[in-house]
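Reader: Could you take me through this structure and tell me, for each label you use, what earns it?

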Amino acid sequence: IFNVSDMAHSNKYNPLKYIQTTADIATVIDCFIKNTTDKNTKADDFFPNAEKLVYSACIAYLLKHCDDEDKKNFASVLKMINASNIDESNPKAKSPLDQLFDSLPKNSIAKTFYRAYKQGAGKTLKSIIISCLVRLRPFMTPEVANLTQYDELELDKIGDEKTALFIITSQND
């Protein structure tokens, strides 16, 4: 049962569990952005596209360089992005997130995504981070963070045997 009306009585679902390739990272992020963008907004694509670089870097880091399985979720992506302190007056200042990515091997895809994001000017980088945090706002709530902490749905096993997946949503939303 996946219950977004009463998250305390739901099986957990972590979309990051189903990522196998770098292309899968892009698919999950595209789906995330598509489903968190107001359809009535006629906004420029710059910020969502820049956000994709940050999300890609963080998710690739978690999946390829983090040994702690409990940290491979969107709540950890939020924590990583929160660790990005942009100092507009000192472009050489290193945030904890910068230091984390600096420690990765040069051929790391996570580092490649992060370096691409860091090409922006300080004010632009700060705006991108704020955009990321606004989009990740639901993961700031304990209920959503808990719901997506790990995976119990085992969606990759659907079809192996008879399975029923019940999805409960609010009738008002």
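**Labels and their reasons**

Author: The side chains of Glu154 and Lys157 meet in a salt bridge, with 3.6 Å from N to O. This is a predicted model, in which local features need pLDDT of at least 70 and side-chain atom pairs count only at pLDDT 80 or more, while totals for chains, interfaces and linings use all residues. Residues are numbered from 1 along each chain as its sequence is written, and side-chain values use heavy atoms, with hydrogens and water left out.

Reader: What makes the pair Glu154 and Lys157 a salt bridge?

Author: The term requires a side-chain nitrogen of Lys or Arg within 4 Å of a carboxyl oxygen of Asp or Glu. The N to O distance for Glu154 and Lys157 is 3.6 Å, so the pair satisfies that definition. By this rule the count comes to eight salt bridges.

Reader: Why is Glu154 called partly exposed?

Author: Buried means under 20% relative accessible area, exposed means over 50%, and partly exposed is what lies in between, using a 1.4 Å probe and protein chains only. Glu154 has 37% relative accessibility and therefore counts as partly exposed, and Lys157, with 45%, is partly exposed because its value also falls between those limits. Glu154 lies in the loop between helix 7 (142–147) and strand 2 (167–168), where helices (H or I, at least four residues) and strands (E, at least two) are DSSP runs, numbered from the N terminus. Phi of Glu154 is near 50 degrees, a positive value in a residue other than glycine.

Reader: How do you know that Lys118 and Asp98 form a salt bridge, and where do the two residues lie?

Author: The side chains of Lys118 and Asp98 meet at 3.2 Å, N to O, which is within the 4 Å limit and therefore a salt bridge. The pair links distant parts of the chain, with Lys118 in the loop between helix 5 and helix 6, Asp98 in helix 4, and their positions 20 residues apart. Asp98 is buried because its relative accessible area is 4%, whereas Lys118, at 29%, is partly exposed.

Reader: Why does Lys111 have no salt bridge?

Author: The nearest side chain of opposite charge, Asp102, is 5.3 Å away from Lys111, and because a salt bridge needs a distance within 4 Å, this pair does not qualify. Opposite charge here takes Lys and Arg as positive and Asp and Glu as negative, with His and the chain ends not counted. Lys111, in helix 5 (residues 109–117), is nevertheless buried.

Reader: What lies around the side chain of Lys111?

Author: A polar atom of the Lys111 side chain lies 2.9 Å from the backbone oxygen of Leu104. Leaving aside neighbours within four places in sequence, Lys111 is in contact (heavy atoms within 4.5 Å) with Phe101, Asp102, Leu104, Pro105 and Lys106.

Reader: How do you know that Leu100 is partly exposed?

Author: Leu100, found in helix 4 (residues 96–102), has a relative accessible area of 25%, and because that value lies between 20% and 50%, Leu100 is partly exposed. Beyond its neighbours within four places in sequence, Leu100 is in contact with Tyr61 and Met80. The C-alpha atoms of Leu100 and Lys111, eleven residues apart along the chain, are separated by 9.3 Å.

Conventions. Polar contact = N/O pair within 3.5 Å; in protein donor to acceptor, adjacent residues only side chain to side chain.
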